[in-house]
Structures are given as C-alpha cells and as structure tokens.
Amino acid sequence: NRNIAAINYYFGDKQGFYSAVKEHALGIRQKAMDRCWELVETDPWGALRMQIELMLDETFDDTMFQVSWLFLRELLDQDENADKKKSEETLYDLQTDARRKLYIERMTRLLTGLLGPEAATSDNLSLLHYTYHSLCRFLPIKTQWEARVLQGKGRFIMKANYDKATLADYIMGIVRHAVEEMQKKVRDKKN
C-alpha cells in the first residue's frame with residue numbers, strides 16, 4: 001500500500017506514473033536517435049542500421065523489456081472511440097502527437113532514401129517500416145517469454161544464440177531483400 005500511496009503522491013495516479021515512465025524512456029533514447037536522423041540524407045542505410053541497433057538494445061536489457069511491454073500494452077489498450085477523446089486532449093497528448101508527426105516525417109525521408117522516390121509509395125513505406133520495426137520491437141518480448149515461460153527450452157533464446165550485431169545483420173538483410181523486391185516491381189511495371 002505504501003507503493004500505491006507513493007505513486008499517487010508523486011504522479012497523481014497510475015496513468016501519471018505510466019506517462020512518467022514512458023517520458024523517461026523516450027528521453028533516454030532521444031539523443032541517440034538524433035544522431036541517427038543526422039545520417040538520413042547522407043547515408044540512409046547507415047541511419048537504418050543505427051536505428052535497428054538502438055531498438056535491439058532493448059532486447060539485451062531486461063529493464064527495457066518492461067518498457068516494451070508498456071508499449072505493447074498501449075497498442076492493445078487503444079480505445080476504439082479515440083476520435084471522441086480527441087476533444088479531451090491534454091498537453092501531454094499534444095506533445096506526443098507532435099513527436100509522432102516528426103517521427104513519421106523522418107521515417108518517410110529515411111525509407112524514401114532506401115527505396116528511391118519511384119518505389120516509395122505509401123504502401124511500400126508502411127510495409128518496410130513495419131517489417132523491421134516489428135522485428136526489433138517485439139523480439140525482446142519473445143525472448144523474455146521463452147526464458148520465463150518455456151524456461152529456456154524455446155527455439156529463440158537470443159542471449160544464448162545471437163549477439164546484437166548478428167541480429168542487426170539479419171534484420172538488415174530482410175530489409176535489403178524487401179527494398180530490392182519493391183524496386184524490381186517498379187522497374188518491371190515500367191517495362
């Protein structure tokens with residue numbers, strides 16, 4: 001009960017605590033992501049590699065695993081009536097929306113740099129983004145689930161079988177293959 005009282009005292013309620021944890025995690029990553037965004041115009045593949053490695057850091061850090069669970073929970077708990085709640089936005093929601101818009105703009109530039117302007121359709125951009133992003137984001141959950149529930153008997157125990165660089169190479173290979181296929185479709189359509 002002391003912990004609940006402390007949460008209420010410092011954060012107002014559980015949602016305030018959740019928001020503070022999320023903000024803290026985002027702040028830690030912001031400086032590293034800024035270096036990534038600086039590379040977008042000159043080396044989009046290098047920028048993507050850096051972003052993948054940053055996201056994979058969570059896989060190798062049990063604390064960040066908990067943050068990944070919070071992100072997953074947020075995705076699953078999204079209200080179907082989100083449009084009705086728009087009128088009740090707080091300053092926090094407005095800041096989050098601004099960050100999301102900036103992130104989408106930067107990701108669009110990055111992925112367009114990889115695909116080239118002709119292959120950078122909205123469908124291709126979305127597919128490419130979700131391909132690597134989902135691999136990076138949810139591998140920590142898969143790893144921890146196998147370690148905890150299957151007690152190390154699962155197929156995918158990342159800390160035992162893979163290092164971060166090997167996994168980043170694997171994801172980069174998937175992205176390169178997807179980019180080549182998307183570009184090939186554009187070329188085939190022209191011919």
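The largest nonpolar core of this predicted model takes in 31 residues, a nonpolar core being a set of buried Ala, Val, Leu, Ile, Met, Phe, Trp, Tyr and Cys residues joined through side-chain atoms within 4.5 Å. Buried here stands for under 20% relative accessible area, with exposed over 50% and partly exposed in between (1.4 Å probe, protein chains only). L48, I52, L115, L128, Y132, I171 and V175 have the most contacts inside the core. At least two residues each come from α2 (14–39), α3, α6 (91–115), α7 (122–148) and α9 (164–190), and α9 gives the most, at nine. As a general point, nonpolar side chains in soluble globular proteins tend to be buried together.

Numbering starts from 1 along each chain as its sequence is written. The model being predicted, local features need pLDDT of at least 70 and side-chain atom pairs count only at pLDDT 80 or more, while totals for chains, interfaces and linings use all residues; side-chain values use heavy atoms, leaving out hydrogens and water.

Overall, the protein chain has nine helices and zero strands, helices (H or I, at least four residues) and strands (E, at least two) being DSSP runs numbered from the N terminus. Of its 191 residues, 33% count as buried. Among contacts (heavy atoms within 4.5 Å) with a separation of 6 or more, 72% link residues 24 or more positions apart.

So what about Q51, which sits in helix α3 (residues 44–56)? Q51 counts as buried because its relative accessibility is 1%. Its side chain makes a polar contact of 3.4 Å with that of Y103; such a contact is a pair of N or O atoms within 3.5 Å, where, within protein, one must be able to donate a hydrogen and the other to accept it, and residues adjacent in sequence count only if both atoms are side-chain atoms. Beyond four places in sequence, Q51 is in contact with M33, C36, W37, Y103, M107, L110 and Y132. Y132, with the same sequence cut-off, touches L48, Q51, I52, M55, Y103, M107, L111, I171 and V175.

Then there is α2, whose buried residues include M33, C36 and W37. A bend of about 40 degrees falls at Q30, taken as the angle between axes fitted to the seven residues ending there and the seven starting there. At the start of α2, a side-chain oxygen of D13 comes to within 2.7 Å of the backbone nitrogen of G16.
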